[in-house]
Every structure is written in structure tokens, then in C-alpha cells.
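User: Can we go through this one together? Keep it quick, please.

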Amino acid sequence: MDIEEVYSQRDYIEHCKQVHRYSPAIAKILDLSEAYIPDIEKAYQEGRQDAVWCNAAGWQVPLIYSFGIIPVSYSEMGRLSDKEAMQIAEDYYQFPVETCSMVKCTVGQWHRRRHTSTIKRIIGNSSACEPYNLAWEIMKREGYDVYNNDVVYRGPAVAGKRLEELVGFFIEQIYDIAEWLTGSRQIDEDKLRVEIQRKNRLLRKLRTVLELRRQHPFYVRSLATILMLNIGLNNYFGKPAEYEAAIDLLIAELEQAPVSEADAKNVIPLVWAGGTGQEFGIYEAIDQAGGSLLGLRSVPFKLYREDIPPVEALARWVYDNAGAGAGVYARNVLEHEVNKLQARGIILYGYIGCSFASVDREMWRKYFHEKGIPSINLEGSFQTGAPSGQVLTRVKAFVEMLA
Ligand code: SF4
């Protein structure tokens, strides 16, 4: 499929497969990404697998897998969505048009499923995002069973007794979720430990992939990079063993691939500071301009502690990580990545309507500008069709300027 024939996010994935036709590992990762939601929904409807909608990232994932339940990322359902789903949110639920398109697409998809035998439970996160808070409240009215946990943010100066109180509070939240999910506050620590070990093993393997990519900057192009790290590393696309096998295969492929001096000379190393955009065309624009996303802010580099009880390890990971709240943690990760990779620029990406992320991005832009590190601040919306428009022109111009 040529890029001109691309009209949807799914088309982009097909196009991406063709671009990577030399790599069975990347083909597998893209297949897993595409099949993530449909396969779980099918297994759920056939009674073969329990599952729950959630953000399917971070501490939730080892916990939910330890109960034998699959975490299903609702934002993935939204991302591989369409304009009609977004229209439902605007017309039927009266979401203001400027609301984050990710949320609107998710709402539209839940709406379409509401009278079917779909997965009916949703774990929210009441301190994550206002538009999603609204979505969860609405879905309660539509017959979904929604549970909202509270994650207290850790400010940059919080330590000592206050931090221990936060950890204790969050441990209780974890037991509350266990009770809601399974009917019991019992958590099988052995199973949770196995899941934490799996997560740590995969984090180490993905670090190896990132290291190898420095010698092979164009082997995994931008969209595949984002899907492999932002989605796959978080929740394994619902198939942990298959995801890990694909990563092992990718490591083997990268280790055997001949190193190209021309690639090393021509590459424009970039750091991606944002979630997974819905406008996949932006990744195409980066690729076409010779950029390579070698560092990502959202990749969780910190391992879970294995020297403490596993439930406590989940809680401490939250407060020790860049996702704990204050934008300064994430900024430190970005700076570390820029220095390590000798990146020439940072792409700051977020959605129109996301007030929370736009404040962070503006702070980072100012900070890096003062340090002489170029960045581009992009605000995207749901966009289907081949790469076009002002955002793509800006991306290309930015990357080419760094060349
Ligand atoms: S981009 Fe912002 S508003 Fe949209 S889902 Fe994410 S946090 Fe919420």
C-alpha cells in the first residue's frame, strides 16, 4: 500500500508493515497491535477470557494480569477509531467540540457497544484527566460498571513521612481495586511477583532494543517504534508471551543487521515527548524528513523493586516514576534522553483540548529553548487520510531544519 492510498489509522499500520517487510519481528509487533482490542473482545464474548477496560499502563498491568484478567486499553480503541465515533460524543453526549479527540473517540466506541455483550467494567483514574472523568461518569449511566481509583500526585519536594503516607494510601487503593475486580481483597503475591518480574525483564529487553537502534536508527521506523514502546511495553497487547517473543526476535534481527555508516551519518536523532498520537501521518512526516525517534519520554525506564513485597513495589514505582505527577520529573527524563542520544531536537506532541499536557509542554519548550535545544510544540487532533495539512508541514520543516 502506497502512502497516497492511506485513509485511516489501520491503513497506516498496513503501510507500516510493507515498509518493514524485511523484519518478521516488526510485522509481528504490528499484527499484535492491530489485533489487540478485537481479539480480546472476541475471547471475552465467547467466555474464554475475562477482561477490563483501563488505561492499561504502569502499575495496573502487573496487578490485573496477576488476577488472570486482561487489561484492555480504552485509548487504543479510540485511536483505531473513526470520525463517526467522535461525532457520537459531540452530537449525542454534547461533548464540546474542543474536547480531546482521544476521549471523544473512546466515548463513541463505548456508546456503540453499550447494548452488546462487550466488556462492561471500566477502571478509571480520577486524578488522570478531566475529559476522561466526564466520560466515565457518562458511561456509568449507560450501564457500565466503573471504578475510579485515586492516585495522589507526588510533588517534587515530597519525601520522608509524607511520601510514606502516600505509599500507604495507595497500597489501600490497590486492595480496593482487587476487591472490585475479584470480590476479594486477597492478592496472590506469588502471581503478582511473577508479573513484576515479567515487566522488569521486558523493560531490560526494550532498553537493549533502544541501545541497538542507535546503530540501526532506521530499522524500526517511527510508528512501529511508538506502538512497540508506548503500547506494547505497557500492556503487551494482551498477549504477554507473544509480545516478548517478538521482542526477542527483534533483538536477534538487530544484532545481525549490518551497520550502515550512511545511516549513522544521515540520521537526525529525535526525542518524542508525548503520548501516542492519533495522527499517524506525523510519524510518516518524521520518517520522510530523515528523523528517527530514538528516545521517548513516556517509556517507563524505572524497574519495579523486587526486594520488597510486590504490592508495595507497585505503589513505590508510582511515586518513584516520571509519571508521578510533577512535570519536572518528565522534563528530567527528556533532558537525560537528549544528552544520552545527542538528539538534535524534541517533538512535543499533545492533543487540542488537553489543558493538562499543554501546560507541561509549554514549560518544557521554554526550558529547552533556554538551553539551546530546539523543540517543536504540536497540537494534534483526530485526523484520517493521507499525511497532509499544516501540522505535517511543520513537522517536516522542523526535522529538515535540524539536518
Ligand atoms: S490527551 Fe489529555 S485530555 Fe486527552 S486523554 Fe490524554 S490526558 Fe486526557
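User: Which residues are around the ligand?

Analyst: They are Cys-100, Val-103, Cys-129, Pro-131, Tyr-132, Tyr-351, Cys-354 and Phe-356. Each has a heavy atom within 4 Å of the ligand. A caution: this is a predicted model, where local features need pLDDT of at least 70, side-chain atom pairs count only at pLDDT 80 or more, and totals for chains, interfaces and linings use all residues. Residues are numbered from 1 along each chain as its sequence is written, and side-chain values use heavy atoms, with hydrogens and water left out.

User: How many of the shell residues are nonpolar, polar or charged?

Analyst: Eight nonpolar, no polar and no charged. Nonpolar here covers Ala, Val, Leu, Ile, Met, Phe, Trp, Tyr, Cys and Pro; Asp, Glu, Lys and Arg are charged, and the others, Gly among them, are polar.

User: How many disulfides does the structure hold?

Analyst: Zero. A disulfide needs two cysteine sulfur atoms within 2.5 Å.

User: Why is there no bond for Cys-54?

Analyst: Its closest cysteine sulfur, in Cys-129, is 15 Å away, too far for a bond. Cys-54 is also buried, at 0% relative accessible area. Buried means under 20%, exposed over 50%, partly exposed in between (1.4 Å probe, protein chains only).

User: Back to Tyr-132. How are the rings of Tyr-132 and Trp-136 arranged?

Analyst: They are stacked, with centres 5.5 Å apart and planes at 10°. Rings of Phe, Tyr and Trp (its six-membered ring) pair if their centres lie within 6.5 Å; planes under 30 degrees apart are stacked, over 60 edge-to-face, the rest tilted. Both residues are buried.
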